[in-house]
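Please open the model in your viewer and keep the sequence at hand. The tour below goes from one selection to the next and says what is to be found at each stop.

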Amino acid sequence: QLSTDSIRLRRDRLGRNALFVHCSLLESLSLNEPLVADGLESYTASKYFPNNLNVLVGKESQFIYGFTLSYFRRKGVMSKKQKKRAQKEYADKSFASSRLAPNFMQLLQFAAGKAQSNQIVLHTDEHKTYQAQVKLFNQASRRINLIHHQTNSKLHRDTKNPLFAVNYLDRLLRKDCSM
């Protein structure tokens, strides 16, 4: 019979080992398939700390090539009490190094470093940040031509949707947890 602490420790160890194996595979990997990228929004600790997990996934293989994490301040309308709490929560915190655009650019640069050819096909939704960063990447890159296809995120999320790989990953990540 195992205690819940023992189970948690074994689960955590298994998770760290899985990340190690994944990172080891990435070292010798080269990209030769279209990619899909999207941001999965959630919360850390409370709604005062929303985050965005940018994920880069193989369109056919559904292999997770990379991810970055960005933290934000709470968005939307707040009552006076909530604004006061937000001021307290953010008093000693900086979000300067946690921006969506540079973190997404990191994924593009990673993909460029792993590309087998001089062309990468990338599928995203219509988020303006993605469009702007792809444009900047193509202006700066001498070796890689990034072909960017955008799909409306409100389209039906089935296997025919170009964003299926990342939508499916989102579902898998959220299905058993309260995010």
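**First stop: a turn and its neighbours**

Select Q62, which is partly exposed, with a relative accessible area of 33%; here buried means under 20% relative accessible area, exposed over 50%, and partly exposed in between, with a 1.4 Å probe and protein chains only. This is a predicted model, in which local features need pLDDT of at least 70 and side-chain atom pairs count only at pLDDT 80 or more, while totals for chains, interfaces and linings use all residues. Residues are numbered from 1 along each chain as its sequence is written, and side-chain values use heavy atoms, with hydrogens and water left out.

Q62 is placed in the loop between β2 (46-58) and β3, where strands (E, at least two residues) and helices (H or I, at least four) are DSSP runs numbered from the N terminus. Although Q62 is not a glycine, its phi is positive, at about 60°. The loop belongs to a hairpin that β2 and β3 form with five residues between them, and Q62 sits in its turn.

Move next to F63, which is found in the loop between β2 and β3 as well and is partly exposed, with a relative accessible area of 21%. Not counting residues up to four places away in sequence, F63 touches H22, L26, L29, L56, V57 and G58, contact meaning heavy atoms within 4.5 Å. A C-alpha to C-alpha distance drawn from F63 to L35 gives 9.6 Å, for two residues that are 28 apart in sequence.

**Second stop: the sheet**

Now show the strands as a cartoon: they form an open sheet of five, in the order β3-β2-β1-β4-β5, with mixed pairing; two strands pair if DSSP finds at least two bridges between them. β3 and β5 (145-150) are the edge strands, each pairing on one side only. From one strand to the next the twist averages 25°. Strands of a sheet pair through backbone hydrogen bonds, either parallel or antiparallel.

Select β2 by itself: eleven of its 13 residues are buried, so this strand is largely enclosed by the rest of the structure. On one pairing, β2 and β3 run antiparallel and are joined by seven bridges, with V57 opposite I64 in β3 and N54 opposite T68 in β3. On another, β1 and β2 pair in the antiparallel sense over ten bridges, and N54 in β2 is the bridge partner of G39. The hairpin of β1 and β2 has one residue between the strands, and A45 there takes a positive phi near 70°.

**Third stop: N51 and Y71**

Is N51 buried or exposed? N51, in strand β2, is buried, with a relative accessible area of 9%. Leaving aside neighbours within four places in sequence, N51 is in contact with L40, E41, S42, Y43, T44, L69, S70, Y71 and F72.

From N51, follow the contact to Y71, a residue of strand β3 (residues 64-71) that is partly exposed, with a relative accessible area of 32%. Beyond residues up to four places away in sequence, Y71 touches T44, P50, N51, F95 and S98. For a sense of scale, the C-alpha atoms of Y71 and H149 are separated by 26 Å, with the two residues 78 apart along the chain.

**Last stop: two helices**

Select helix α3 (residues 100-114) together with helix α4 (residues 128-140), which pack at an angle of about 50° with their axes 10 Å apart; axes are lines fitted to C-alpha atoms, for helices over the stretch in contact, and angles run from 0 to 180 degrees between N-to-C directions. That angle makes α3 oblique to α4, since angles under 35 degrees count as roughly parallel, over 145 as roughly antiparallel, 65 to 115 as roughly perpendicular and the rest as oblique.

To see the contact itself, show L100, A101, F104, M105, L108, Q109 and A112 in α3, which meet T129, Y130, Q133, V134, L136 and F137 in α4. These residues divide into ten nonpolar, three polar and no charged, where Ala, Val, Leu, Ile, Met, Phe, Trp, Tyr, Cys and Pro count as nonpolar, Asp, Glu, Lys and Arg as charged, and the others, Gly among them, as polar.

Finally, bring the sheet back into view with α4, which lies across β1, β2, β4 and β5 and runs at about 165° to β5.
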